[in-house]
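I opened this model to go through its sheets, helices and a few backbone oddities. My notes follow in the order in which I looked things up.

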Amino acid sequence: MRAAQHPVQHPAKHRFAEPLPQARWLAGPGRTRTRFGEQAAFREGLYDLGRGCHAWMVPNGSWGETNLGLITCGPQTVLIDTCWDLPHTREMLRLCESLLSHAPIEVVINTHADGDHCWGNQLFEGREIIASHACVHQMHHLSPRAMQAMQHSARFMRHLPVMGVNGLGHYMHDMLAPYDFDGIQITPATVEFTRQRHLCVGGVDITLTEVGPGHTDGDLIVHVPDRRTVYAGDILFVGVTPVMWAGPVANLVAALQHLLDLRPQVIVPGHGPLATPQDVRAAIDYWGFLQEALAPRHRAGLTPEEATVDVLRSVAFCATPFAQWALPERLLTNAYALYREWGTAPSAWGGGKIGQMDLMRRQARVARAWRAQN
Ligand SMILES: [Zn+2]
């Protein structure tokens with residue numbers, strides 16, 4: 001492989017932990033800070049994972065810091081997921097040019113419908129875009145326009161100290177600040193499937209397995225058996241609290257177990273550094289812990305928000321590795337999903353499937369309480 005054609009700054013003084021010994025960093029933007037101004041835990045950019053599998057890895061895996069996959073299949077490349085906005089997708093394409101000039105992207109796979117995995121799709125119009133049927137159905141649930149409006153209004157909401165509006169304003173402003181949702185047209189998949197689909201691209205076998213609903217309605221994982229590599233999408237977060245928008249939790253755990261059963265050598269999570277099997281087991285443990293912690297609180301009549309704050313304050317939670325993961329307030333979204341599964345009367349906690357913004361407002365409150373506690 002040739003060196004990157006574009007000048008890349010090498011952060012001379014900064015030492016990064018390499019995400020996995022077999023992964024080799026090839027090119028990237030040379031930033032030492034994340035999009036949210038934190039110290040980057042690993043180097044951003046394109047990694048060679050061996051035998052034609054690559055990943056575009058974005059530290060530290062917070063909101064929109066999404067990892068993508070690139071599989072070289074002879075004269076073409078299969079891209080797994082696109083970024084949350086067009087500038088970040090274009091930047092990735094520019095910095096991967098040394099790879100893509102030999103093998104252009106002809107096939108795109110979306111692991112699920114969250115915008116940070118598919119809102120860059122329009123840059124691949126005319127190419128084959130593959131997703132699960134449930135994913136395609138969900139792609140229109142949230143519009144980039146609405147997100148842009150949220151971004152603008154969050155600036156003003158920060159200064160409105162009523163009903164938690166300022167808290168939500170700060171939370172959403174900080175979450176969306178690195179992104180530019182201008183000009184995004186939802187570009188859905190051109191090929192959809194259910195359960196499983198096998199591809200053979202340039203002689204490389206690739207298996208797409210629908211494992212949702214779980215994180216979202218239509219999650220899929222991408223397995224390259226000959227190269228013992230799996231791209232997990234957002235059924236797996238590493239070092240970041242996972243989120244279950246859809247559930248049921250049993251599906252999510254079964255998906256993680258399936259990941260282990262494939263016995264891959266390399267696992268690319270949707271967010272965070274390259275994963276080891278221990279990371280997958282830790283994710284399974286998280287979902288087990290959460291059910292055990294929330295069930296008695298649910299039975300005792302606590303609302304999802306009360307139960308979340310209670311769990312986050314508990315000695316049991318603080319003793320787990322999960323307390324070190326970023327965005328612990330996502331436990332609230334997970335609590336709502338579990339309460340839905342457990343069939344609580346919606347009136348008991350103020351709404352059935354509550355709106356995304358209401359959820360975010362409550363999550364902002366939990367995040368503030370967590371920061372005050374730590
Ligand atoms: Zn997601």
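**Strands 2 and 3.** I began with strand 2 (residues 45-50) and strand 3 (residues 53-57), which run antiparallel and are joined by five bridges. Strands, like helices, are DSSP runs numbered from the N terminus: E for strands, at least two residues, and H or I for helices, at least four. Two strands pair if DSSP finds at least two bridges between them. Across this pair I found Tyr47 opposite Ala55 in strand 3.

**Ground rules.** I am reading a predicted model, so I kept to its limits: local features need pLDDT of at least 70, side-chain atom pairs count only at pLDDT 80 or more, and totals for chains, interfaces and linings use all residues. Residue numbers start from 1 along each chain as its sequence is written.

**The sheet around that pair.** I traced the pair outward and found an open sheet of eight strands, in the order 1-2-3-4-5-6-7-8, with mixed pairing. Strand 1 (24-27) and strand 8 (191-193) stand at its edges with a single partner strand each, so one side of each has no neighbour in the sheet. Neighbouring strands here are turned by 25° against each other on average, direction ignored. For angles, axes are lines fitted to C-alpha atoms, for helices over the stretch in contact, and the values run from 0 to 180 degrees between N-to-C directions. I noted for reference that strands of a sheet pair through backbone hydrogen bonds, either parallel or antiparallel.

**The turn at Arg51.** I looked at the loop between strand 2 and strand 3, where Arg51 lies. Its phi is near 50°, a positive value in a residue other than glycine. Arg51 has 15 other C-beta atoms within 10 Å, so it is partly exposed. The cut-offs, with C-beta atoms placed from the backbone, are 20 or more others within 10 Å for buried, 12 or fewer for exposed, and partly exposed in between.

**A cis bond after strand 3.** I found a cis peptide bond joining Pro59 and Asn60, with omega about -10°. Asn60 lies in the loop between strand 3 and strand 4 (68-73).

**The second sheet.** I then turned to an open sheet of five strands, in the order 9-10-11-12-13, again with mixed pairing. Its edges are strand 9 (196-201) and strand 13 (266-271), each with a single partner strand, so one side of each is left without a neighbour in the sheet. Strand 10 (residues 204-210) and strand 11 (residues 220-224) run antiparallel and are joined by four bridges. In that pair, Glu210 stands opposite Leu220 in strand 11. The loop between strand 10 and strand 11 holds Pro213, and the peptide bond from Gly212 to Pro213 is cis, with omega near 0°.

**Helix 7 and Ile235.** I saw helix 7 (residues 249-261) lying across strand 11, strand 12 (229-237) and strand 13, at about 155° to strand 12. In strand 12 I picked out Ile235. Is Ile235 buried or exposed? Ile235 counts as buried because it has 29 C-beta neighbours inside 10 Å. Beyond its neighbours within four places in sequence, its contacts include Ile221, Leu252, Ala255 and Leu256; contact means C-beta atoms, placed from the backbone, within 7 Å. Arg263 lies in the loop between helix 7 and strand 13 and has a positive phi, near 50°. With 9 C-beta neighbours inside 10 Å, Arg263 counts as exposed.

**Helix 6.** I checked the length of helix 6 (residues 165-176): its 12 residues should span 16 Å at 1.5 Å a residue, and its end C-alpha atoms are 16 Å apart, which agrees. The expected span is 1.5 Å times one less than the number of residues. Its buried residues include Leu168, Tyr171, Met172 and Met175. Among the elements covering the buried residues are helix 5 (144-157) and helix 12 (356-373).

**Whole protein.** I counted 12 helices and 13 strands. Buried residues make up 47% of the 374 residues. The C-alpha trace spans about 60 × 45 × 40 Å along its principal axes. The domain assignment gives domain 1 (24-141 + 186-275), domain 2 (144-176) and domain 3 (286-373); such bounds come from an automatic or database assignment. The contact between domain 1 and domain 3 takes 14 residues from domain 1 and 16 from domain 3.

Conventions:
Contact = placed C-beta atoms within 7 Å.
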